[in-house]
Amino acid sequence: NLREVLSFRLKDHSEKQVSVFADDAGLDYALLRGQEEEVEFSFALDVGGVRGARAGREMAEMPRFAFDERAGVLMFRNGNTTYLVHDQPGKLGVTVRVGKKETFIEGDGASRRGGLQRLREAAFQALENVDRRAIE
């Protein structure tokens, strides 16, 4: 029961697509590759332990996201790396921060489907792994 929140292709890597979506377990972020939309990285699967749980190992808790509705930014952390998904007028893409180094990967606005504002809708209000707060 996947529900798309936001997806877009990367401007300089059109074979890659960012996807933010929800299912019954919670919100997830995935980087997909190619026409087949092969999962290159999934926050819940790779970090949260869902793949291990499907293989019979104990599942870790769903990874947490922070959503800053006013700023149009969704944030999550994977170890010492912070990811910020931007869905703002004039700024669509992902900022990756590792230590003091920061890289912005621009999204292709023409490929954009949905939007982070969908997280305001009733269907997404009950997601337990999303904290609604300002992001610094």
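This is a short talk on the fold, the sheets and the core of one protein.

The model is a predicted one. I will go from the overall make-up to the sheets, then to the core, then to a few single residues.

The protein has three helices and eleven strands. Reading from the N terminus, the order is β-β-β-β-α-α-β-β-β-β-β-β-α-β. There are 136 residues in the protein, and buried ones make up 44% of them. The exposed surface comes to about 7800 Å², and 46% of that is supplied by carbon and sulfur atoms. As for contacts between residues at least 6 apart in sequence, 40% of them join residues at least 24 apart.

Now the sheets. One is an open sheet of five strands, in the order β4-β3-β2-β1-β10, and its pairing is antiparallel. The edges are taken by β4, residues 38-42, and β10, residues 113-114; each has a single partner strand, so one side of each has no neighbour in the sheet. Inside this sheet, seven bridges hold the antiparallel pair β1 and β2. If you want one to look up on the screen, R3 has A22 in β2 as its bridge partner.

The other open sheet has six strands, and the order is β9-β8-β7-β6-β5-β11. Here the pairing is mixed. Its edge strands are β9, at 101-106, and β11, at 130-132, each of which pairs on one side only. On average, neighbouring strands in this sheet are turned by 20° against each other, with direction ignored. Where is there a parallel pair? β5 and β11 run parallel, joined by three bridges. A66 is bridged to D131 in β11.

Next, the core. Which residues of the largest nonpolar core touch the most other members? They are L27, Y29, L74 and L119, out of 26 residues in that core. At least two core residues come from each of β1, β2, β3, β5, β6, β7 and β8. The largest share is that of β1, with four residues. A separate core of five residues lies apart from this one, and its members include V73, M75, L84 and I135.

Let me stay with Y29 for a moment. Setting aside neighbours within four places in sequence, the contacts of Y29 are V18, S19, V20, F41, S42, F43, F65, F76, V85 and V94. V18, S19 and V20 on that list fall within β2, which spans 13-23.

S19 deserves its own slide. This serine lies in strand β2. Is S19 buried or exposed? Buried, because its relative accessibility is 8% and the cut-off for buried is under 20%. Beyond four places in sequence, S19 is in contact with L6, S7, D28, Y29, A30 and L32. Of those partners, L6 and S7 fall within β1, residues 3-10, while D28, Y29, A30 and L32 fall within β3, residues 26-33. Further along the chain, R112 is 93 residues away from S19 in sequence, yet the two C-alpha atoms are 10.0 Å apart.

The last residue is A44, in helix α1, which covers residues 43-47. With a relative accessible area of 5%, A44 also counts as buried. From A44 to D28 the C-alpha distance is 5.8 Å, with their positions 16 residues apart in sequence. D28 came up a moment ago as a contact of S19.

That is the end of the talk.

Conventions: Residues numbered from 1 in each chain as written. Predicted model: local features only at pLDDT ≥ 70, side-chain atom pairs only at ≥ 80, totals over all residues. Heavy atoms only, no water. Core = buried A, V, L, I, M, F, W, Y, C linked by side-chain atoms within 4.5 Å. Buried < 20%, exposed > 50% of the residue type's maximum accessible area, 1.4 Å probe, protein only. Contact = heavy atoms within 4.5 Å. Pairing = 2+ DSSP bridges. Axes fitted to C-alpha atoms, helices over the stretch in contact; angles between N-to-C directions. Areas by Shrake-Rupley, 256 points an atom, 1.4 Å probe, with all protein chains shown as cover.
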